[in-house]
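Let's walk through this one by asking a few questions about what the coordinates show.

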Amino acid sequence: MPPFPTKPIAKLTGHNGIVHAVAYSAGSSSYILTGSADRTIRLYNPQKAPPSSVVPSSSAAYPPGLINKYSAHGYEVLSIDVNEANDRFVSTGGDKSVFFWDVQTAQTIRRWTGHAGRVNRGVFGGDGDSVVVSASFDGTVRIWDVKSNSYKPIMTLDEAKDSVSDVAVFDAEIIAGSVDGRVRSYDLRMGMCQVDVIGRPVTSVSVSKKGTELLVSSLDSTVRLMDRTNGQLLKAYRDDAFVNTDLRVRSTLGLNDSVVVSGSDDGMVFAWDLLEGDCLHKFKHSEMREVRGKGVGGKEAKGKKDVVSAVAFCKSRKEWASAGGDGNVVVWGMDG
Amino acid sequence: MSFKRPRASSPSSSQKRARGAGGPGKYIALGTELSPEEDDDGSFVPVWKQTVTDERGRRRLHGAFTGGFSAGYFNTVGSKEGWTPKAFVSSRSNRNKDATQRPEDFMDTEDLAEAAESRQLETVQNVATIGRIGDTQNDALFGLFVTEEETMGVKIAQKMGWRRDQGVGRKVRRLAHVDDGSAISKDAPSAHMFAPKDSRVMSVAQGQVNRKGLGYKSEARLGTIDAKDKEDRPMLALPFFEGSAQSPAPRKAAPKKSSFGVGVLNDTGSDDEDPYELGPKITFNKTIGKEKKPKKPSKFAKAGDRHLFVSKKAHGKAALGISYDGKLPLRGFVLATQIVDLTSKRKLPPPMIPPGWQSSKSGAPATDAQNYQSVADVAKSSTLDAHARASLLGESPLPGRSVFDFIPKEARDRLATLTGNVNLPQGLGQTAPEGQQSAAKAQPKGLWSFVPVLDKGTAAAALAKGATGWMPYAEDLKKRARYVGFLELRAGQKTDLPERPDEMPVSDWAKELQEFAHAAEVFKPTTGIMASRFTSSTASHQIGSTDSGNTLLRKPVAKPEDPADQAAKLGMYGPMTRSSFPFHPSRLLCKRFNVKPPPDVPCDSAPDAGDYSSKSRTEEAVSKSAMDRMLHEVLTKGAPTLQRPAWMNPTAQERVPPAAPSTEHATVDVDTNEALTQERAPEDVFKAIFGDDDDDDDDDE
């Protein structure tokens, strides 16, 4: 069991609202993109943002570590995904459209409109990130062509009966989790769609590196690891303190698919051992510390905003980031 | 018409220059020097300097990248100034004749054509009358209404030998009438047969009814028909009217004699001419376009003048026996001298009904006056009261009752005598309903008046709705119980007064009952189509049913849950919770993902046709996809559903889908592109095609 990074090494400040999306850059994963309810996307260098950093008093000044701001959204930003080449990223949010950005110029290259509701998730997919797959509140998954100038989606998958909360692309498969309690895996090669019933509204979907397992968060305070080959449940991750019944909270796999990390409704971050299923660590996001024992939660003074809605694991280092309702992103690393 | 002409480049400058050059006498220049703009020696002229002109030298194709075509000035007639600039030149020898401008000067061909078209006089409707063809020459009025076409009657008559301007009938042997005034050869034998003279059909003006208003004076009217008729009498040749108008009746004093402004020149000799008629008489004929009227005999006419028409006086005397067709009237008939007023309809008195006549078609039988009874009398004699009538008519009895239903007959009579009103309802002396018989309980009896009226059906329906579905007042169960009680009362299931909480005042209680009645009206179940469109909200019902002990409210029938959902609830993830359905990714999507499209994707799907719905794909080209799928199954020896999908294989090598063996089934190999990997054509083939160009390029370099 490799050690889990538990020490906060950076604090990315500056957002004025709940941070809904956090994404590491591709390649060396040295930068972090955050999207917030304050309608902005920010690019940070976490190495220049010490954990003691505070928001500058004047709003014009850049908080430590902030490299660039990307502002085109008119509503909250709900998801960010960076392409492999690291020069483009896609962001979605409440303005029913998918924004395709150029990292350098901070301008949108394309804005795909067509969804009838807020877009919960937008991810790159295809060969050379040639498509963008977006999942929307309108119950559809739309696939947009990056390479052409068409303003229409290549395809629309509208089998979901309710809002599609998350979508993931693995190889030639599009896995969409919906609030109707189902995870649909569209296999483009076979032309078949596998429907796995989870039972409760699905809020997060992520695929393991091998592609044979699927991590599913649902609104019954449970994160499940499903076997994609036969739809069986491999492991369910629960904890007494883990609460996820109302809010969309992302979960992710980390440390070479050995741990499961998930945010929660009450500002806690939980890390489980993938194989054993027991809770390894609990973190209080707003206090930037690890919590041991049962004495967690109950601090409702922070109000409803205290939620960890997104977590992201660095692919190259032992490092992960959690984005919370206080507008800060905490990067957790190893002690050394 | 005016056109914009390109301004001729004035040769003055060059000429001046030439002249100036020649002035000093140093050089002699012959001919006209070409202006630098006008040289047409094939030198380069930029496109924007080139102009396109038509054969008349007018500039065409200007503006809008020389694609703008215009005629005239901005596609209008004329020039920038709006007219053709022209110098006025007039001299003593050569007077300017075109002094006045006509509208036609400003019209283009279209306007001229339009004007010419509007000049044609047309009748609104072609009127066909038999035998009236060709009479337009001497008929001022009827010529208007006669068509130029030949009617069938004319055609038939012509086939039978009739000619135009002839009378109809047997031919007459007579002398020829020579109209030119030359002497008629009396000695010529009357050996020629002539067609009878054309005589007019008596026009009985049926349609013309001269109804005039009160105070109407035809004399004072401008241009009356009557005056004209009389004026044109020789032309119209209506001897029928003539004779009568001519009658020995004394003439009226001619009003023109005493009127102002009527001179001798205006006096055309007609007796009844309207002195106030507009304009000279000529104007009439002009519009109709007939020939000039034959000269009329004026007062000053010589006696020796030849009459070309039947004069009034001659007619009055000589034509005593000649009727309108030029023949003597039949024996025993006398030509009428009185005017027959055919134009005004005579009014005859209605026929006298003989006494004692009775129509056989009389409708209603005569009612016997003695047996007649007024409705009021019948109503008085009726023994039915309002309730009995309502029951006879099938109405539901009104819940409210009158006082007179309960008071005894004597009391009612006393009331009637006291008030003097004999129309009071009958006192029935009914007993009060149970529950309020006791006089001591006056309070509830008064309270009954607060209980609002509610239709029994509505109450029952609202009650039934509460039993099966939803019921208001879920938040206050006591209130709901009172509501149910009220409904039961009005549905007839209960008879006692709706319960009233102790702390509630009567006014609030009455208000609540009113609210209940209103709620029952609102929340009664919908029927028919509306009912099928709505369903009760399950959430609120669950709230109500869980903590309500009321037996009337049943738990709703739970929707049959998906077994997969049930299995998921139980945690039995696996085959129970897994299902699959085919979908059809678009070709472009497969291309973008760099995967081979599934074999049953229709090949004809255009890659960039835009929004692909998988449903629409499914419906499209079913037969073809089914064929492909079957072929695929046969080739891969197994049903695709039993196959292990490609992504289940762990290694990337096997992740490539089980490609169908290359048979007649068309496959696309993603890895190899024949066009790229094929052997390059021999070098000389390229040389034969591109060789020259290559050489040229080399030479250039």
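**Repeats, sheets and cores**

Q: How much helix and strand is there over residues 12-45 of chain A, and how far apart are the end C-alpha atoms?
A: Keep in mind that this is a predicted model. Helix accounts for 0% of residues 12-45 of chain A and strand for 47%. The end C-alpha atoms of that span are separated by 9 Å.

Q: Which feature does UniProt place at residues 12-45 of chain A?
A: The record is an unreviewed entry, and it also lists residues 70-111, 112-154, 256-282 and 301-336 of chain A under that feature. One of these spans, 256-282, is 0% helix and 56% strand, with its end C-alpha atoms 20 Å apart. The name UniProt gives for the feature is "repeat: WD".

Q: Which are the edge strands of the open sheet β2-β3-β4-β5 in chain A?
A: This sheet has four strands with antiparallel pairing. An edge strand here pairs on one side only, and that holds for β2 (19-24) and β5 (66-70) of chain A. Neighbouring strands are turned by 20 degrees against each other on average, direction ignored. So the edge strands are β2 and β5 of chain A.

Q: What is the bridge partner of Ala23(A) in β3(A)?
A: β2(A) and β3 (residues 32-36) of chain A run antiparallel to each other, paired over five bridges. In β3(A), the residue bridged to Ala23(A) is Leu33(A).

Q: Why do β18 and β21 of chain A each have one side without a neighbour in the sheet?
A: The open sheet has the order β18-β19-β20-β21 (chain A), paired antiparallel. β18 (202-207) and β21 (233-237) of chain A are at the edges, so one side of each lacks a neighbour because each has a single partner strand.

Q: In β20(A), which residue is the bridge partner of Leu215(A)?
A: β19 (residues 213-218) and β20 (residues 222-227) of chain A pair in the antiparallel sense over six bridges. Within β20(A), Leu215(A) is matched with Leu225(A).

Q: How many residues does the largest nonpolar core have?
A: Residues with the most contacts inside this core include Val133(A), Val167(A) and Phe593(B). Elements giving two or more residues to it include β11 (131-136) and β14 (164-170) of chain A, together with α20 (587-592) of chain B. Val167(A) touches, among others, Arg121(A), Val141(A) and Ile174(A). The core's total is 25 residues.

Q: How many residues are in the second, separate core?
A: Leu454(B), Leu463(B), Trp509(B) and Ala520(B) are among its members. The count for this core is 21 residues.

Technical notes. Residues are numbered from 1 along each chain as its sequence is written. Chains are lettered from A and ligands numbered from 1 in the order in which they are written. This is a predicted model: local features need pLDDT of at least 70, side-chain atom pairs count only at pLDDT 80 or more; totals for chains, interfaces and linings use all residues. Side-chain values use heavy atoms; hydrogens and water are left out. A nonpolar core is a set of buried Ala, Val, Leu, Ile, Met, Phe, Trp, Tyr and Cys residues joined through side-chain atoms within 4.5 Å. Buried means under 20% relative accessible area, exposed over 50%, partly exposed in between (1.4 Å probe, protein chains only). Contact means heavy atoms within 4.5 Å. UniProt positions are given in the numbering used here, feature names are shortened, and annotations may be inferred rather than shown by experiment. Two strands pair if DSSP finds at least two bridges between them. Axes are lines fitted to C-alpha atoms, for helices over the stretch in contact, and angles run from 0 to 180 degrees between N-to-C directions. Lists of a residue's contacts leave out its neighbours within four places in sequence.
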